[in-house]
Amino acid sequence: WSCSDGRSNLELTDAQCSQLLEGMQLSRDDGWAKFEAVDRLGCEELEPVSKPTGETLKKFRYSADVRIRCGKFHVVKRLFMSVGKSVIRLQRLG
């Protein structure tokens with residue numbers, strides 16, 4: 001996830017990781033979803049962005065490895081949205 005518009009979008013907190021591991025009800029039809037594991041991988045600083053006002057914004061990208069068994073519609077994005085994070089890119093492994 002990343003943020004470049006001045007909103008606070010820092011690395012996942014311990015509380016947010018716990019929420020992702022506990023899971024959430026997606027919908028009546030989709031049922032319950034949760035991650036089996038959440039491993040925070042840290043931060044990468046991206047190229048700063050200059051606003052028309054002359055202000056420079058620093059940009060950061062935070063990464064995490066997650067494990068999940070269900071493959072419901074956009075479940076990874078929906079789980080991250082439930083803790084206030086957005087997903088920029090997903091890479092499915094094995």
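Glu45 touches Lys58, Lys59 and Phe60, leaving out residues up to four places away in sequence. Glu45 belongs to strand S4, and its C-alpha lies 7.7 Å from that of Lys58, although 13 residues separate the two in sequence. Keep in mind that you are looking at a predicted model. The points below start from this spot and work outwards to the whole protein.

**Strands S4 and S5**

- Glu45's strand, S4, covers residues 37-50, and it pairs with S5 in the antiparallel sense over 11 bridges.
- S4 and S5 make a hairpin, with five residues between them.
- Look for Gly54 in that turn: Gly54 has a positive phi of about 95°.
- You can follow the pairing by eye, since Leu46 stands opposite Lys59 in S5.
- Another pair to find is Cys43, which stands opposite Tyr62 in S5.
- Ala64 also lies in strand S5, and the C-alpha atoms of Ala64 and Cys43 are separated by 9.5 Å, with the two residues 21 apart along the chain.
- Is Ala64 buried or exposed, or does it fall in between? Ala64 counts as partly exposed because its relative accessibility is 22%, and the partly exposed class runs from 20% to 50%.
- Here is a handy rule for looking at strands: in a regular strand, side chains alternate between the two faces of the sheet.

**Strands S2 and S3**

- There is a second hairpin to spot, in which three residues link S2 to S3.
- S2 (residues 24-27) and S3 (residues 31-33) run antiparallel and are joined by three bridges.
- One pair to look for is Met24 and Ala33, with Ala33 being the bridge partner in S3.

**Two buried residues**

- Which helix holds Cys17? Cys17 is found in H1, which spans residues 14-22.
- Cys17 counts as buried because its relative accessibility is 8%, and the cut-off for buried is under 20%.
- Setting aside neighbours within four places in sequence, Cys17 is in contact with Leu12, Val38 and Arg40.
- Cys17 and Val83 are 66 residues apart along the chain, yet their C-alpha atoms are separated by 8.7 Å.
- Now move to Lys85, in the segment after H2.
- Why does Lys85 count as buried? Its relative accessibility is 6%, so Lys85 is in the buried class.
- Lys85 and Leu12 are 73 residues apart in sequence, while their C-alpha atoms are 8.3 Å apart in space.

**The largest pocket**

- How is empty space found in a model like this? Rolling a probe the size of a water molecule over the atoms shows where empty space is left.
- The largest pocket here has a volume of about 970 Å³.
- Its lining is made of 26 residues, and the closest to the pocket's centre are Val66, Arg89, Leu90, Gln91 and Arg92.
- Which strand and which helix each supply at least two residues of this lining? They are strand S5 (56-67) and helix H2 (75-82).
- S5 gives the most to the lining, with seven residues.
- Sorted by class, the lining has 14 nonpolar residues, eight charged ones and four polar ones.

**The whole protein**

- How many helices and strands are there? The protein has two helices and five strands.
- Reading along the sequence, you meet them in the pattern β-α-β-β-β-β-α.
- The protein has 94 residues, and buried residues make up 27% of them.
- Of the contacts with a separation of 6 or more, 54% are between residues 24 or more positions apart.
- The protein exposes about 6,900 Å², and carbon and sulfur atoms supply 47% of that area.

Terms used:
Residues are numbered from 1 along each chain as its sequence is written. This is a predicted model: local features need pLDDT of at least 70, side-chain atom pairs count only at pLDDT 80 or more; totals for chains, interfaces and linings use all residues. Side-chain values use heavy atoms; hydrogens and water are left out. On a 1 Å grid over the protein atoms alone, a cavity is a set of points where a 1.4 Å probe fits but cannot get out, and a pocket is an open set with protein on both sides within 12 Å along at least five of seven lines; lining residues have an atom within 4 Å of a point. Grid points are joined across faces, edges and corners, and a volume is the space filled by probe spheres set on the points. Helices (H or I, at least four residues) and strands (E, at least two) are DSSP runs, numbered from the N terminus. Ala, Val, Leu, Ile, Met, Phe, Trp, Tyr, Cys and Pro count as nonpolar, Asp, Glu, Lys and Arg as charged, and the others, Gly among them, as polar. Buried means under 20% relative accessible area, exposed over 50%, partly exposed in between (1.4 Å probe, protein chains only). Contact means heavy atoms within 4.5 Å. Accessible areas come from the Shrake-Rupley method with a 1.4 Å probe; for residues, only the protein chains shown count as cover. Two strands pair if DSSP finds at least two bridges between them.
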